[in-house]
2 protein chains.
Amino acid sequence: MKPIDERLPLYQKLRDQIAAQIARNAWHPGEAIPTEAELAATHKVAVGTVRKAIDVLVAEGLVERSQGRGTFVRRPNFDSSLFRFFRYQKENGMRRVPESRILQREGLAGPAEVTAALDVPKGSKVIRIFRLRLLDGSPVLAEEIWLPKARFAPILKLTPEEIGPLLYPTYERVCGEVVARAEETLTVEPLDQPTARLLALPPGSPGVVIARLAFGYDGRPLEWRRSRGPAATFRYQIEIR
Amino acid sequence: MKPIDERLPLYQKLRDQIAAQIARNAWHPGEAIPTEAELAATHKVAVGTVRKAIDVLVAEGLVERSQGRGTFVRRPNFDSSLFRFFRYQKENGMRRVPESRILQREGLAGPAEVTAALDVPKGSKVIRIFRLRLLDGSPVLAEEIWLPKARFAPILKLTPEEIGPLLYPTYERVCGEVVARAEETLTVEPLDQPTARLLALPPGSPGVVIARLAFGYDGRPLEWRRSRGPAATFRYQIEIR
DNA sequence: CAGTGGTCTAGACCACTGC
DNA sequence: CAGTGGTCTAGACCACTGA
């Protein structure tokens, strides 16, 4: 575990301690952390200082406050890449969960690129999943997912029905691994023959590639994923200041 | 001007008042706003409340604090789209300002799409600028820029040298208009014949289109811009939680 | 050195939640 | 109603900046 730097302000040290407890799963996502008064008492600081520490955790997205109820460990809600990056409108605001079709799933020795990204020993075992996502029966996203086998072995034994359409809840339910944040890199590349075939597009037509590295609360990489979709339906919005 | 809602918490009302003063240019970007003690005195609230109001403004990117010096109106620094979205590395961390070549500049009656985006009367006069941006002499970005003529007429009278490579500082210097924030929408489209020609690419090859709507501190749209670059060099990174 | 923002405290009262 | 987080105050002291 990381040591707490003694020179830091009180509220920062307190933030680090609470964050560390969340990382080691002292409270699960959705659970309430102790009240501000309790934290102030146990850490022998003023309530204002506790509030400032929690302010930081809220800004970082680790916890959520709810007036009158308490402060809760946040379960990050990763909107499907489909709706964040592609023009498949949610039906009148409702989010439709796209259908998932797992095409292949196997354990193998990890390619160098993958073991490096996942920060596991070179050549160690990893799991690779090929998955196709469909909306109204039409293929819209082809995904290639890599996991360190040491932490995710149970995934290989599940039936496709047990895995279900969403992977992150399954990771949590079956492997006890919670995704806290992710880094995504977008590029545009021509689709190769097999991917284009899956997406029912002409080979070589432009595709958007979303490379995602997902991290747990402890900061270790959990999953590396590459999703490809048709560039024609890509749209992404940002605000800058 | 927007009225201040009486039911809001003190620190929110204070925030709104300071934001309104920034919007009407009571202090210019880079200038210091009054000290926390002064604000507390003039508004007859505790310093803690002032600090909370300023916390919000900092989070919104309107001001920046500097310990021991003061709190300053922030001048948003829009990194060139080139380096935010395309793989043209800055040389050892330094930002190179790309060369700008203005190809055309004229006033005309605004197309419906443009007047709607700029929130000016249908058919009113606008300025259109075609600009090519180059790095080491190679064209990398083709831009089409639209401005409401009522606010930006002086731009038409400048020589290209007077305009310089960066437009936003010129808007501020010549027209007194400061860009506070912007919304950008990314899409991928085949490049049309003239754009591809400008970028020295085959027509129809995939391009990334960045549609940007820039706003002033008062929230009114100032500029609408569409930049096109080669999709092959596109790369964008995000972190999600 | 005076003046600025940054940290921390202690306590009062308000507004919302759920029993 | 008790218990939670949200607002607000008043004041002490610290750390940094620039003259």
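Which strands of chain A does helix α3 (residues 47-59) of chain A lie across, and at about what angle does the helix run to β2(A)? In this predicted model, helix α3 of chain A lies across β2 and β3 of chain A, and the helix runs at about 115° to β2(A).

The two strands crossed by the helix belong to an open sheet of three strands in chain A, arranged in the order β1-β3-β2 with antiparallel pairing. Strands β1 (32-33) and β2 (63-66) of chain A are the edge strands, each of which pairs on one side only. Strands of a sheet pair through backbone hydrogen bonds, either parallel or antiparallel. Between β2(A) and strand β3 (residues 70-73) of chain A, which run antiparallel, there are four bridges. S66(A), for its part, has G70(A) in β3(A) as its bridge partner.

The chain that contains this sheet, chain A, has nine helices and ten strands in total. Its C-alpha trace spans about 65 × 45 × 35 Å along the principal axes. Chain A comprises 241 residues, of which 28% count as buried. When contacts in chain A between residues at least 6 apart in sequence are considered, 56% of these contacts join residues at least 24 apart.

Chain A also meets chain B, in a contact that takes 23 residues from chain A and 23 residues from chain B. On the side of chain A that touches chain B, the elements giving two or more residues are β7 (179-190), β8 (206-216) and β10 (235-240) of chain A. The largest share of that side is contributed by β7(A), with eight residues. By class, the side of chain A that touches chain B consists of 13 nonpolar, four polar and six charged residues. Strand pairing also extends between the chains: β10(A) is joined by six bridges to strand β6 (residues 179-190) of chain B, and the two strands run antiparallel. Within this pairing, Q237(A) stands opposite T185(B) in β6(B).

Both chains contribute to the surroundings of DNA strand D. A total of 20 residues surround this strand, and the closest are T35(A), L10(B), G48(B), T49(B) and G68(B). The elements that give two or more residues to the surface near DNA strand D are α2 (36-43), α3 and β3 of chain A, together with α1 (10-23) and α3 (47-59) of chain B. Helix α3(A) and strand β3(A) thus appear both in this surface and in the crossing described at the outset. By class, the surface near DNA strand D has six nonpolar, ten polar and four charged residues.

Notes
Residues are numbered from 1 along each chain as its sequence is written. Chains are lettered from A and ligands numbered from 1 in the order in which they are written. This is a predicted model: local features need pLDDT of at least 70, side-chain atom pairs count only at pLDDT 80 or more; totals for chains, interfaces and linings use all residues. Two residues are in contact if their C-beta atoms, placed from the backbone, lie within 7 Å. Ala, Val, Leu, Ile, Met, Phe, Trp, Tyr, Cys and Pro count as nonpolar, Asp, Glu, Lys and Arg as charged, and the others, Gly among them, as polar. Two strands pair if DSSP finds at least two bridges between them. Axes are lines fitted to C-alpha atoms, for helices over the stretch in contact, and angles run from 0 to 180 degrees between N-to-C directions. A residue is buried if 20 or more other C-beta atoms lie within 10 Å of its own, exposed if 12 or fewer, and partly exposed in between; C-beta atoms are placed from the backbone. A residue is near a molecule or strand if its C-beta atom, placed from the backbone, lies within 6 Å of it.
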